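User: Please take a close look at one part of this structure and explain it step by step to a first-year student. I would like a connected account that then moves on to other parts worth comparing.

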Amino acid sequence: MCGIVGYIGNRNAVPILIEGIKRLEYRGYDSAGIAGISNNNLFCHKSVSKVVFLEEKVSKLDLDTNIGIVHTRWATHGEPSIDNAHPHVDCKGDIAIVHNGIIENYDLLKTHLESDGHVFASETDTEVLAHLIEKFFDIDGDFELAVRNALKHVVGAYGIAVINSKEPDKLIAAKNGSPIVVAIGKDEYFVASDVAPIIEHTKDVVYLDDNEMATITKDGYTTKTIDNVPTSKKVEEVMWDIDMIERDGYDHFMLKEIHEQPVSILNAMRGRFDHGNECLVKLGGLEGHEDVLAKFNRIVIIACGTSWHAGLIGEYMIEAFLRTPVEVEYASEFRYRNPVVDSETLVIAISQSGETADTLAGVKLAKEMHATVLGVCNVVGSSIARESDFGIYLHAGPEIGVASTKAFTSQITALYLLTLYIANLRNVTTLFNCNLVEALKAIPDQVASILKKENEIEALAELYKSSENFLYLGRGYNYPVALEGALKLKEISYIHAEGMPAAEMKHGPIALITKDMPVVFIAIQDAAYQKALGNIREVAARGGKVIAIGTEGDDSLKEKADHVFYIPKTIDMLTPLLSVIPLQLLAYKIAVMRECDVDMPRNLAKSVTVE
Ligand code: F6R
C-alpha cells in the first residue's frame with residue numbers, strides 16, 4: 001500500500017524517481033506526486049490517478065534536482081485528490097514528506113498543531129508529520145533532530161522519506177511497521193518501499209528496522225534508532241534481476257506470472273532434496289532448529305487472502321501426513337481475539353510480500369505469547385521474514401500483478417516440502433514420501449502442459465464473460481482451490497463469485513442455481529470424486545451450467561458437465577497445484593474480455609500494509 005522512492009546523488013533525480021515509482025505502482029494507483037529541491041527551493045507536483053499522469057505533467061516542466069522523493073498512493077485517509085496526494089509540505093513550503101502507513105493519533109496531533117497556527121491543506125494523516133517536523137525544525141534548526149522529535153510523538157505505522165530545502169543535501173528515511181530499504185549506489189543513494197525501483201541501479205541494500213532512521217547524503221549514510229542510538233547495518237545483496245520485473249512481452253504481469261509457474265514451482269523445490277536420498281527434504285532456513293520442529297503438538301497457520309487459501313491446503317496436508325492438529329486463521333481475526341497460543345505452538349505465517357500488516361501483527365502477537373514462528377515468505381528481507389524465528393523462502397521472483405498467482409503455487413509447494421521435512425524429523429517416513437517427491441518433481445511439466453491449452457480457457461471465457469455470478473465448488477484439497485478461483489474472478493473481473501465446499505451447496509446456496517449461474521466444479525479423480533459427481537448432478541438437475549475441471553482420461557465426465565477442462569493425473573495432495581491453473585486463466589481471460597485493468601484492479605493494491 002503506497003509506494004515510496006527517494007534519491008540523492010549527482011544525477012537528475014526526476015527521471016530516476018518517475019521510472020522508480022512506476023515500478024511500485026502495484027502498491028497503489030490513486031494519485032502520485034514528486035518533490036525535489038532546486039536552487040534551494042522546494043518544488044512539489046502531484047496528479048490524480050496513475051503515475052503516467054504525473055509523468056506527463058513533470059515532463060513539461062524541465063525539472064532538474066539531485067535530491068527528491070516520489071510517492072504513489074492507495075487512499076486511506078481522504079479521497080484520491082490532488083490535495084490528498086503525497087508529498088505533503090509544511091506551512092512554509094520547505095519540508096516535503098512521503099509516507100506509507102497510518103498515523104493513528106493524527107487527529108490529536110492535528111488539533112495541537114492547528115492551535116499553534118499550522119494550516120492544513122489535506123485530509124490526510126500524513127500531513128501532520130510535515131507540520132510536526134516543521135515545528136521542531138523551527139525550535140532547533142536541525143533537520144535530523146526535528147524528524148526524530150516528530151517521530152517520537154507519532155503512534156502508528158510509517159515508512160517515510162523527507163527532504164528540507166533548508167538542508168538541501170540530506171534525505172531522511174525512517175521506518176516503523178512499513179518497509180523501507182536504503183540502496184547504496186556509486187556516489188548516490190536511494191530509499192524505497194521495496195527493491196523493485198532500485199535494482200536497475202544497484203543490488204546493495206540495507207533494510208531499516210522498526211524505529212530506525214537513516215540520514216543520507218550523497219557521500220554516505222548513518223543509521224540510528226529514533227532514540228538516537230547509532231545502529232550498524234549489514235549490506236545485503238538483492239538477488240532479483242531487472243528482467244524479472246519487466247512484462248517481458250506479456251500483456252499483463254498477471255499473465256506473465258501465470259506462465260512463470262512451471263519455473264517458479266521448480267525454484268521452490270530447487271536444491272531442497274537431499275543428494276544422497278532424494279526422498280528427504282532439506283530446508284536451509286530451518287537448519288539448527290530440528291529439535292524445536294520435531295516436538296510441536298499443535299500448529300496454527302496465519303495468513304490473509306490467497307495466502308490463507310494456501311494455508312488451508314497446508315492444514316489438510318499436515319493433518320493427513322503428520323497427524324498434528326492444525327488451525328488456519330485469518331491473521332486479522334487471530335490478532336484481535338486472544339487466541340490460545342503458547343510455547344508448545346508452532347505458528348506458520350504465510351505471506352508473499354512479507355509485509356501484510358495483519359499477518360505481521362499476528363507474528364508479533366504469537367511471539368509475545370511465546371510461540372515459535374516459522375515464516376513462509378517470497379520477499380527476502382521482508383518484515384515477516386525478519387520477524388519470524390526461522391523460515392522458508394519461496395524463490396518465486398517478484399510478483400507484481402496485484403492478483404496473486406505464482407506465489408500461491410509456490411506457497412503450496414513450500415508447505416509440501418515442510419510437511420515432508422517434519423515427517424522425516426519425526427520418523428513418519430514411509431514409501432509414500434518418495435512417491436510424493438516423485439509426483440512433486442513432475443508438477444512443473446504438468447503445469448506447462450495445462451498452460452498450452454490456454455485457448456480452451458479462452459473459449460470458455462468467451463461463453464461466460466457476461467455472467468454476473470459464479471459458483472466455485474471443490475472438495476478436500478480442492479475446496480481451498482474453489483475459494484481461490486472465486487477470489488481471482490472477483491478481484492480482477494468484478495464478477496460476484498463464491499467458492500465453497502461442494503457438499504455445502506445443498507445447505508442453502510443451491511437456491512441460487514438457475515440456467516444463468518455458471519458453476520465451476522473441480523471434479524478430478526481423487527478420493528472425493530464420486531461425491532463430486534453427485535453434486536454435479538444436483539446442479540445439472542436444476543438447470544445450472546457446469547464447467548468441470550476433470551482428470552485426463554475421464555471421458556465420462558463430458559456426459560455430466562456442460563464443459564470439461566482436463567488436467568493431468570497426480571496424487572491427491574498435489575492436485576491443487578494443477579487445478580488452480582485453469583481457474584487463474586479463466587479469471588484473467590474474462591477480466592481482459594470485460595476490459596478490466598487486470599494488473600491494477602479497482603480499489604486494490606498489492607501488499608496490504610494497513611489494517
Ligand atoms: C489476492 C491477493 C491477496 C493477498 C493477501 C495477502 O490475489 O493477492 O488476497 O494474497 O493480501 O498478501 P500476502 O501474501 O502478501 O501477505
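Analyst: The names of elements used below come from DSSP, where helices are runs of H or I with at least four residues and strands are runs of E with at least two, and both are numbered from the N terminus. This is a predicted model, in which local features need pLDDT of at least 70 and side-chain atom pairs count only at pLDDT 80 or more, while totals for chains, interfaces and linings use all residues. Residues are numbered from 1 along each chain as its sequence is written, and side-chain values use heavy atoms, with hydrogens and water left out.

The part chosen for the close look is the ligand and its surroundings. Around the ligand there are 14 residues, of which the closest are S307, S351, S353, T356 and E491; a residue belongs to this shell if one of its heavy atoms lies within 4 Å of the ligand. Sorted by class, the shell holds four nonpolar, eight polar and two charged residues, where Ala, Val, Leu, Ile, Met, Phe, Trp, Tyr, Cys and Pro count as nonpolar, Asp, Glu, Lys and Arg as charged, and the others, Gly among them, as polar.

Several polar contacts (pairs of N or O atoms within 3.5 Å; within protein, one must be able to donate a hydrogen and the other to accept it, and residues adjacent in sequence count only if both atoms are side-chain atoms) can be followed from the ligand to the protein. The side chain of S307 has an N or O atom 2.6 Å from a ligand oxygen, whereas Q352 takes part through a polar backbone atom, 2.7 Å from an oxygen of the ligand. S404 also offers a polar backbone atom, and there the distance to a ligand oxygen is 2.9 Å. The ligand taken alone exposes 410 Å², and the protein buries 88% of that; these accessible areas come from the Shrake-Rupley method with a 1.4 Å probe, and for residues only the protein chains shown count as cover. Two or more residues of the shell come from each of the elements α9 (305-322) and α16 (479-493).

From α9 the chain leads on to R323, which is found in the loop between α9 and β16 (326-330). The phi of R323 is positive, about 60°, although R323 is not a glycine. Most residues other than glycine have a negative phi, and most peptide bonds are trans. At 67% relative accessibility R323 counts as exposed, since buried means under 20% relative accessible area, exposed over 50%, and partly exposed in between (1.4 Å probe, protein chains only).

A similar backbone feature can be looked up elsewhere. N39, in the loop between β2 and β3, has a positive phi of about 50° without being a glycine, and N39 is exposed, with a relative accessible area of 72%. Another backbone feature is the cis peptide bond from H86 to P87, with omega near 0°, and P87 lies in the loop between β4 and β5.

The helices give a contrast with these exposed loop residues. In helix α4 (residues 127-140), 14 residues reach 21 Å from the first C-alpha to the last, close to the 20 Å expected, a figure found as 1.5 Å times one less than the number of residues. Because 10 of its 14 residues are buried, α4 is largely enclosed by the rest of the structure. Among the elements that cover the buried residues of α4 are α3 (106-115), α5 (143-152) and β7 (156-164), where contact means heavy atoms within 4.5 Å. After α4 comes G141, with a positive phi near 65°.

Helix α1 (residues 13-23) is likewise largely enclosed by the rest of the structure, because eight of its 11 residues are buried. These buried residues of α1 pack against several elements, including β1 (3-8), α2 (51-59) and β10 (189-192). At the N-terminal end of α1, N12 acts as a cap, with a side-chain oxygen 3.2 Å from the backbone nitrogen of V14.

Strand residues complete the tour. T223, in strand β13 (residues 220-225), counts as buried at 5% relative accessibility, and its side chain makes a polar contact of 2.8 Å with the side chain of T231. T345, in strand β17 (residues 345-351), is buried too, at 1% relative accessibility, and, not counting residues up to four places away in sequence, T345 touches F296, R298, V300, A371 and T372.
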